[in-house]
Amino acid sequence: MYTGRFLQVAGHTVELVEQLMPTDDQQWASQLTNDAVAQLMRAVATTITNAQGQTPPVDPAYCARFAVPIA
């Protein structure tokens, strides 16, 4: 089972999708700690900041959804 949540990172909305793991009592639980999410958000923020103003490494005609410049 998967779950998603939207986070604001460096002025952009980013969806974090996580696979939930079953517990002994047949419930589904997140394995991500708050520290892990914070670390991921910092890495994504750095990546977004570094990518701003750069030409995408993929031809935008290939897939505009994933190959547009980050403003």
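These legends go with a set of close-up views of a predicted model.

**View 1. The whole chain, with its 1 helix and 4 strands.**
Start with the overall layout of this predicted protein. Reading from the N terminus, the elements come in the order β-β-β-β-α. The protein has 71 residues, and 13% of them count as buried. About 5700 Å² of the protein is exposed, with carbon and sulfur atoms supplying 55% of that area. If you like contact maps, take the contacts in the protein with a separation of 6 or more: 29% of these join residues 24 or more positions apart.

**View 2. The hairpin of E1 and E2.**
Strand E1 covers residues 2-9 and strand E2 covers residues 12-19. The two run antiparallel and pair over 8 bridges. At the turn, 2 residues sit between the strands. One residue to check in the hairpin is Ala-10, whose phi is positive, near 50 degrees. Val-9 has His-12 of E2 standing opposite. As a reminder for this view, side chains in a regular strand alternate between the two faces of the sheet.

**View 3. The salt bridge between Arg-5 and Glu-18.**
The structure holds 1 salt bridge, and here it is. Its partners are Arg-5 and Glu-18, and their closest N and O atoms lie 3.7 Å apart. The pair ties together distant parts of the chain, with Arg-5 in strand E1 and Glu-18 in strand E2, 13 residues apart. Side chains of opposite charge can pair when their charged atoms come close. Are the two partners buried or exposed? Arg-5 counts as partly exposed because its relative accessibility is 34%, between the 20% and 50% cut-offs. Glu-18 has a relative accessibility of 8%, under the 20% cut-off, so Glu-18 counts as buried.

**View 4. The surroundings of Glu-18 in strand E2.**
Stay with Glu-18 and look at its other partners. The side chain of Glu-18 makes a polar contact with the side chain of Ser-30, at 2.7 Å. That same side chain of Glu-18 also reaches a backbone atom, the nitrogen of Gln-31, at 3.0 Å. Which residues touch Glu-18 once its neighbours within four places in sequence are left aside? They are Met-1, Tyr-2, Thr-3, Arg-5, Ser-30, Gln-31 and Leu-32.

**View 5. Gln-31, in the loop between strand E4 and H1.**
Strand E4 spans residues 28-29, and Gln-31 is found in the loop between E4 and H1. Gln-31 is exposed because its relative accessible area is 54%, over the 50% cut-off. Leaving aside its neighbours within four places in sequence, Gln-31 is in contact with Glu-18 and Met-21. For a backbone distance to check, try Gln-31 and Gln-19: they are 12 residues apart along the chain, and their C-alpha atoms are separated by 8.5 Å.

**View 6. Helix H1, residues 34-51.**
How far apart are the end C-alpha atoms of helix H1? They are 26 Å apart, which agrees with the 26 Å that its 18 residues should span at 1.5 Å a residue. An α-helix has 3.6 residues a turn, so residues three or four places apart point the same way. After H1 comes Gly-53, with a positive phi near 80 degrees.

How values were computed
Residues numbered from 1 in each chain as written. Predicted model: local features only at pLDDT ≥ 70, side-chain atom pairs only at ≥ 80, totals over all residues. Heavy atoms only, no water. Expected span 1.5 Å × (residues − 1). Pairing = 2+ DSSP bridges. Buried < 20%, exposed > 50% of the residue type's maximum accessible area, 1.4 Å probe, protein only. Contact = heavy atoms within 4.5 Å. Areas by Shrake-Rupley, 256 points an atom, 1.4 Å probe, with all protein chains shown as cover. Salt bridge = Lys/Arg side-chain N within 4 Å of Asp/Glu carboxyl O. Polar contact = N/O pair within 3.5 Å; in protein donor to acceptor, adjacent residues only side chain to side chain.
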